[in-house]
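Here are some exercises to work through with the structure open beside you. Try each task before you read its solution.

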Amino acid sequence: VNFVRRLGWSAVGCGNDTALSVPLAIDSGLGECGRNGILTTPDLGSCVRICKVFTDFPLLTDRPASLGMAEQCNRCRRCVRACPVGAISSKSPTSEGLGPSSNPGVVKWPVDGEKCRRFWTVNGNSCSNCIDACPYS
């Protein structure tokens with residue numbers, strides 16, 4: 001952010017509070033959405049934490065990339081088996097949301113974010129079993 005600002009452009013860094021990071025990362029070609037609902041990259045799998053910078057800096061645009069990971073996620077299902085609360089569905093991708101934490105209208109594997117969040121609360125910590133189980137990770 002500071003680098004862009006020092007060049008004379010506006011820049012605002014943010015997490016998921018201003019816009020969802022995963023769809024923007026997918027749209028920019030950084031990776032694909034895994035069955036676990038997390039950005040999955042060819043090199044790091046689901047072991048990524050992303051944020052974004054909104055800027056008026058003139059940048060070249062990119063597009064979503066088809067990296068073959070979606071086909072692998074369709075067959076693999078390791079994250080489904082690793083989820084202790086069944087928050088990751090073994091069903092086919094759909095545009096339906098699973099609850100208040102799901103964005104309907106985009107075709108993706110349904111993940112029940114409320115089940116995941118409740119487990120984190122009871123567990124007193126994060127889980128990451130789906131990230132651990134991912135063969136790309």
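**Exercise 1.** Which residues lie nearest the centre of the largest cavity, and how many residues line it?

*Solution.* Before starting, note that this is a predicted model: local features need pLDDT of at least 70, side-chain atom pairs count only at pLDDT 80 or more, and totals for chains, interfaces and linings use all residues. Residues are numbered from 1 along each chain as its sequence is written, and side-chain values use heavy atoms, with hydrogens and water left out.

Step 1: get the term straight. On a 1 Å grid over the protein atoms alone, a cavity is a set of points where a 1.4 Å probe fits but cannot get out, while a pocket is an open set with protein on both sides within 12 Å along at least five of seven lines; lining residues have an atom within 4 Å of a point.

Step 2: read off the lining. There are 13 lining residues, and Cys73, Cys76, Cys79, Cys134 and Pro135 sit nearest the centre. Helix 3 (69-76) and helix 4 (78-82) are the elements that give two or more residues to this lining, and helix 3 gives the most, with three. Helices (H or I, at least four residues) and strands (E, at least two) are DSSP runs, numbered from the N terminus.

Step 3: add the volume, meaning the space filled by probe spheres set on the grid points, which are joined across faces, edges and corners. The largest cavity holds about 100 Å³, and a search of the whole structure turns up one cavity of 30 Å³ or more.

Step 4: sort the lining by class. You get five nonpolar, five polar and three charged residues. Here Ala, Val, Leu, Ile, Met, Phe, Trp, Tyr, Cys and Pro count as nonpolar, Asp, Glu, Lys and Arg as charged, and the others, Gly among them, as polar.

**Exercise 2.** Describe the largest pocket and the second largest pocket.

*Solution.* Step 1: the largest pocket has a volume of about 1500 Å³. Its lining counts 47 residues, with Val22, Asn36, Gly37, Ile38 and Val111 nearest the centre. Two or more residues each come from helix 2 (21-27), strand 2 (32-33), helix 5 and helix 6 (129-133). By class, that lining splits into 28 nonpolar, 13 polar and six charged.

Step 2: the second largest pocket has about 440 Å³ of space. It is lined by 16 residues, and Leu24, Ser28, Lys52, Val53 and Leu59 are the closest to its centre. Helix 2 and strand 4 (52-55) each give two or more residues, with helix 2 supplying the largest share, four.

**Exercise 3.** Walk along helix 5 and pick out what happens at its ends and in between.

*Solution.* Step 1: begin at the N-terminal end of helix 5 (residues 113-123). Asp112 caps it, with a side-chain oxygen 3.1 Å from the backbone nitrogen of Glu114.

Step 2: look for a salt bridge (a side-chain nitrogen of Lys or Arg within 4 Å of a carboxyl oxygen of Asp or Glu). Arg117 and Glu114 form one, at 3.3 Å, N to O, and a search of the whole structure finds one salt bridge. Arg117 and Glu114 are three residues apart in helix 5, so about one helical turn separates them. An α-helix has 3.6 residues a turn, so residues three or four places apart point the same way.

Step 3: stop at Cys116, also in helix 5. Leaving aside neighbours within four places in sequence, Cys116 is in contact (heavy atoms within 4.5 Å) with Val85 and Ala87. Cys116 counts as partly exposed because its relative accessibility is 32%; buried means under 20% relative accessible area, exposed over 50%, partly exposed in between (1.4 Å probe, protein chains only).

Step 4: after the helix comes Gly124, with a positive phi near 75 degrees.

**Exercise 4.** Where are Arg77 and Ser128, and what is the sign of phi for Arg77 and Ser128?

*Solution.* Step 1: recall the background. Most residues other than glycine have a negative phi.

Step 2: Arg77 is in the loop between helix 3 and helix 4, and its phi is positive, near 65 degrees.

Step 3: Ser128 is in the loop between helix 5 and helix 6, with a positive phi of about 70 degrees. Ser128 is partly exposed because its relative accessible area is 29%.

Terms used. A polar contact is a pair of N or O atoms within 3.5 Å; within protein, one must be able to donate a hydrogen and the other to accept it, and residues adjacent in sequence count only if both atoms are side-chain atoms.
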